[in-house]
Amino acid sequence: MNSTILQYSAQDRYMEAFVRNFIFVLFGIMINSINGVFVFTFFRSSIFYNDPRYILYIHLVINDMLMVFFSVTLSVMAYAWPKVPFPFCVILLIITATTYNNTPLTLAGMAIERYIAICKPLHHHQICTVRRTYILISLIWSVSVLPGLADLIVIVIVRPLSVFTTGTLCSSTNVYNTPYHEELSKVMNGLYSSVVWLILVFTYCQVLVAARRANADKSSAKKAQSTILLHGAQLLLCMLSYITAVIDKISAQLLLDDRKKVTIPNYFITNLLPRLLTPLIYGVRDKLFCNHMKRLFACKLHIVKVESTKL
């Protein structure tokens, strides 16, 4: 009797893990496929190559695709590979954290570019060059990797070096489980969020002032205001990831039996969904990018029809 109960319990846990990972992988593929359409459109339309605005935008899309890939990979590995080599796990966690931090910093960079375009239009081409845009992207990656490196340094200092020869469950809560990591995470998240919010508020106020000037381009200024507000909404979506662990802890205490009913939608809403909405809203909203995407795929569809009629 006891063995039968244990067998059914093991089967339930297996099915729960399978369903959870299947859902995450399915949505991950869907999100990256949709975002891949925007990446394909960018690289097939050379008009975007020399525009810093679109370079930053496609960097945002590619970064979110990487974030989804590594995030889903870690989720699957937590069930399929319970003893991941510690050094490999730390590398994956650092990459995932870096791509996560890249998003708000890229949004801040895009807001600054719109601020320069509206408030300093005569100097826009001199300041916002393609070369400087790629330098900014390199700087974003350099700054974003710092929290992950700081977590690694804390591990080296606090824990014995022999831990790097062991296997571990690859999750940030399991690897970064010291009080120092918790405090470091609070400081870093607060610092990054504060800097990005200050940039967004500053650029929005400056664009708002510029829009009220008599000689200002009212249409461009209004679009820039909407764009920066959209960046703020995107940042709020990205910041939902901060509360994932909190919701999981609350659900573990209140819903011990049905925790999976909370963790799956929680992960989807706070991690996967923002990575779809962030590029999708901005790309569809941009008329130039949207028109090129329609022409490109209309052309592809026409070619397919012609080839099919020849056959």
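This is a short group-meeting talk on one predicted model, going from the whole chain to a few helices, a pocket and some single residues.

Okay, hi everyone. Keep in mind throughout that we're looking at a predicted model. Let's begin with the overall layout. The chain has twelve helices and two strands. If you walk from the N terminus, the order is α-α-β-α-α-α-α-β-α-α-α-α-α-α. The chain has 311 residues, and 41% of them are buried. As for contacts, take those with a separation of 6 or more: 79% of them join residues that are 24 or more positions apart.

Now, helices. I'll take helix 5 to start with, residues 130-144. How does the span of helix 5 compare with what you'd expect at 1.5 Å a residue? With 15 residues it should cover 21 Å, and the end C-alpha atoms are 21 Å apart, so the two agree. Which residues of helix 5 are buried? Those are T133, I137, I140 and S144. They cover an arc of only 55° around the axis, so they sit on the same side of helix 5. Turn to the other side of helix 5 and you find R131 and L139 exposed.

Helix 6 gets the same treatment. It runs over residues 146-158, which is 13 residues, and at 1.5 Å each the expected span is 18 Å; the end C-alpha atoms are 18 Å apart, so that agrees too. The buried residues in helix 6 are P147, G148, A150, D151, V154 and I155. Looking down the axis, the buried residues fall within an arc of 160°, so they line one face of the helix.

Next, a residue that touches both of those neighbourhoods. N101 sits in helix 3, which covers residues 86-119. Is N101 buried or exposed? Its relative accessible area is 8%, and under 20% counts as buried, so N101 is buried. Leaving out residues up to four places away in sequence, N101 touches S144, P147 and Y192. Two of those names have come up already: S144 is among the buried residues of helix 5, and P147 is among the buried residues of helix 6.

Staying on helix 3, have a look at C119. C119 has 17% relative accessibility, so it counts as buried. Beyond residues up to four places away in sequence, C119 touches Q206, V207 and A210. Q206 is 87 residues from C119 in sequence, yet the C-alpha atoms of the pair are 7.3 Å apart.

On to empty space, since I know some of you like pockets. The second largest pocket holds about 470 Å³ of space. There are 23 residues lining it, and L105, G109, I112, L136 and I140 are the closest to its centre. I140 is the one you just met as a buried residue of helix 5. Which elements give two or more residues to the lining? The list is helix 2 (52-80), helix 3, helix 5 and helix 8 (179-211). By class, that lining is made of 19 nonpolar, two polar and two charged residues.

Two more residues and I'm done. In helix 2 there's V76. V76 has a relative accessible area of 25%, so it is partly exposed. Not counting residues up to four places away in sequence, V76 touches N21 and V25. V25 is 51 residues from V76 along the sequence, with a C-alpha to C-alpha distance of 8.2 Å.

Finally, G283, in helix 11, residues 260-285. Relative accessibility there is 1%, so G283 counts as buried. With residues up to four places away in sequence left out, G283 touches F38, Y57, F289 and C290. What separates G283 from V61 along the chain and in space? Along the chain it's 222 residues, while their C-alpha atoms are separated by 9.5 Å.

That's my tour. Thanks, and over to you.

Conventions: Residues numbered from 1 in each chain as written. Predicted model: local features only at pLDDT ≥ 70, side-chain atom pairs only at ≥ 80, totals over all residues. Heavy atoms only, no water. Helix = DSSP H or I, 4+ residues; strand = E, 2+ residues; numbered from the N terminus. Expected span 1.5 Å × (residues − 1). Buried < 20%, exposed > 50% of the residue type's maximum accessible area, 1.4 Å probe, protein only. Arc of directions from axis to C-beta. Contact = heavy atoms within 4.5 Å. 1 Å grid on protein atoms, 1.4 Å probe; cavity = no way out; pocket = protein on both sides within 12 Å on 5 of 7 lines; lining within 4 Å. Points joined across faces, edges and corners; volume = space filled by probe spheres on them. Nonpolar A, V, L, I, M, F, W, Y, C, P; charged D, E, K, R; others polar.
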